[in-house]
Amino acid sequence: MNFYKLQFYRDGFEPDGDFLVGCLTNNSDQAVRAAGLSYGYSGRNVMGGGIGSLVFPSEVIQPGQTVGFRSDFTVHREASQVQLSSLNWCWEQDNICVMQRQMSLLTTVSR
């Protein structure tokens with residue numbers, strides 16, 4: 001799995017935070033049904049983090065496919081950067097999606 005074009009997105013409906021948006025490429029040989037991130041953010045007088053899901057336009061991401069995504073969580077508007085620490089996902093054929101596949105990340109998104 002690869003990320004690129006990561007950035008903050010303000011949609012006007014979330015008064016306290018901005019979404020993360022970007023593109024995700026499935027470079028595996030299996031379709032991905034769901035994906036999520038472990039993240040932390042910081043800025044002047046704000047700090048936080050958690051685990052959240054990624055929303056993409058199709059039910060699955062096919063092998064080799066690149067899709068745009070939006071986070072289902074928001075980051076405080078005063079946060080100057082977000083640190084992504086892991087990506088979790090489940091395959092399409094997994095009976096129960098518990099995000100058991102994991103890849104460590106050392107990615108920072110800055111304003």
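Start by showing the surface of the whole chain: about 6200 Å² is exposed, and carbon and sulfur atoms supply 47% of it (areas by the Shrake-Rupley method with a 1.4 Å probe; for residues, only the protein chains shown count as cover). What you see is a predicted model, in which local features need pLDDT of at least 70, side-chain atom pairs count only at pLDDT 80 or more, and totals for chains, interfaces and linings use all residues. Residues are numbered from 1 along each chain as its sequence is written, and side-chain values use heavy atoms, with hydrogens and water left out.

Next, switch to a cartoon view. You will find 8 strands and 0 helices (DSSP runs numbered from the N terminus: E, at least two residues, for strands; H or I, at least four, for helices). Zoom out, and the C-alpha atoms fill a box of roughly 45 × 25 × 25 Å along the principal axes.

Now colour by burial. Of the 111 residues in the chain, 42% are buried (under 20% relative accessible area; exposed is over 50%, partly exposed in between, with a 1.4 Å probe and protein chains only).

Then select strand β4, residues 46-55, and pick out S53 within it. Is S53 buried or exposed? Neither: S53 counts as partly exposed because its relative accessibility is 31%.

Which residues does S53 touch, leaving out those up to four places away in sequence? Select A35, G36, R70, S71, D72 and F73 (contact means heavy atoms within 4.5 Å). Finish by drawing a distance from S53 to D72: they are 19 residues apart along the chain, while their C-alpha atoms are separated by 5.5 Å.
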